Amino acid sequence: MYKVFVNDIPLILSTKKDFGDNYVSLPIKKVRIKRIIKKIIKGELQHVNLYHEKEEKLLKHLYKKLRVVTAGGGMVFNDQNEVLFIYRKKRWDLPKGKTEKNESIEASAIREVEEETGVEGLEITRFLQKTFHIFKRKGRLRLKVTYWYEMHTSYTGELRPETKEDIVKAKWKNLEKSRKALQKSYGNIKLLFPEEYLSQHSKDGIA
């Protein structure tokens, strides 16, 4: 199963023809997806399941229907186990950006994190997952596929938010502050965090 976010509403891709009474279920191979997305944006639809019996076909059909933009991003930890956030358009986010021509996704992820925050000395520790969200560029719908990496740095210098990209803050946040930030974040960003960051009832194991 995949979640493809349209604003903060997840469009479900699954192998289940019946996803529950609240969901409109449609075959992904035949659906006019741009029409569905426009209805979601207008608030006319909220629960949509696009299905195919073969899971490996779900993304293949989605990629055929929307132009794909590939991006790389990072969940960056420092020596205090704090997470690096950016603040843009009144939401807390993680640094990410478009992969350039002839650039590996790993390289683009490190470059974008450095450019958007001013952090240095990044090392990728593991791949996390891909997230998917749909946006408009020049009046046309695009599918952004972001490859997320866990990163580490011992950098203790000044953070420099990339203001030309509308980033007004770059901040290290411990568990408690991360939890608060995620309340004003995006659905696809929340997918990256383990349960202790999302639950108000978890003990603060990270200081």
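1. A good place to start is the spacing of the two domains: in this predicted model, the C-alpha centres of domain 1 and domain 2 lie 26 Å apart. The domain assignment of the protein chain places domain 1 at residues 2-64 and domain 2 at residues 67-197. Where the two touch, domain 1 brings eleven residues to the contact and domain 2 brings 14 residues.

2. Next, the area. About 1,100 Å² is buried between domain 1 and domain 2, and carbon and sulfur atoms give 72% of that. On the domain 1 side, three residues are worth finding in the viewer: Phe5, Asp8 and Tyr63 supply 48% of the area that domain 1 buries against domain 2, more than any other three residues.

3. Asp8 deserves a second look. Its side chain meets that of Arg91 in a salt bridge, with 3.1 Å from N to O. The count of salt bridges between domain 1 and domain 2 is one. As for polar contacts between the two domains, four residue pairs are counted, with both residues at pLDDT 80 or more.

4. Which elements supply at least two residues each to the side of domain 1 that touches domain 2? They are β1 (2-6), α1 (33-42) and α2 (55-65). The largest share comes from β1, with five residues.

5. Finally, the make-up of that side of domain 1: eight of its residues are nonpolar and three are charged, while no polar residues appear there. To see this for yourself, you might begin at β1, the element with the largest share of this side, and then turn to the salt bridge between Asp8 and Arg91.

Conventions
Residues are numbered from 1 along each chain as its sequence is written. This is a predicted model: local features need pLDDT of at least 70, side-chain atom pairs count only at pLDDT 80 or more; totals for chains, interfaces and linings use all residues. Side-chain values use heavy atoms; hydrogens and water are left out. Domain bounds come from an automatic or database domain assignment. Contact means heavy atoms within 4.5 Å. Buried area is the accessible area (1.4 Å probe) that two parts lose on being put together, summed over both. A salt bridge is a side-chain nitrogen of Lys or Arg within 4 Å of a carboxyl oxygen of Asp or Glu. A polar contact is a pair of N or O atoms within 3.5 Å; within protein, one must be able to donate a hydrogen and the other to accept it, and residues adjacent in sequence count only if both atoms are side-chain atoms. Helices (H or I, at least four residues) and strands (E, at least two) are DSSP runs, numbered from the N terminus. Ala, Val, Leu, Ile, Met, Phe, Trp, Tyr, Cys and Pro count as nonpolar, Asp, Glu, Lys and Arg as charged, and the others, Gly among them, as polar.
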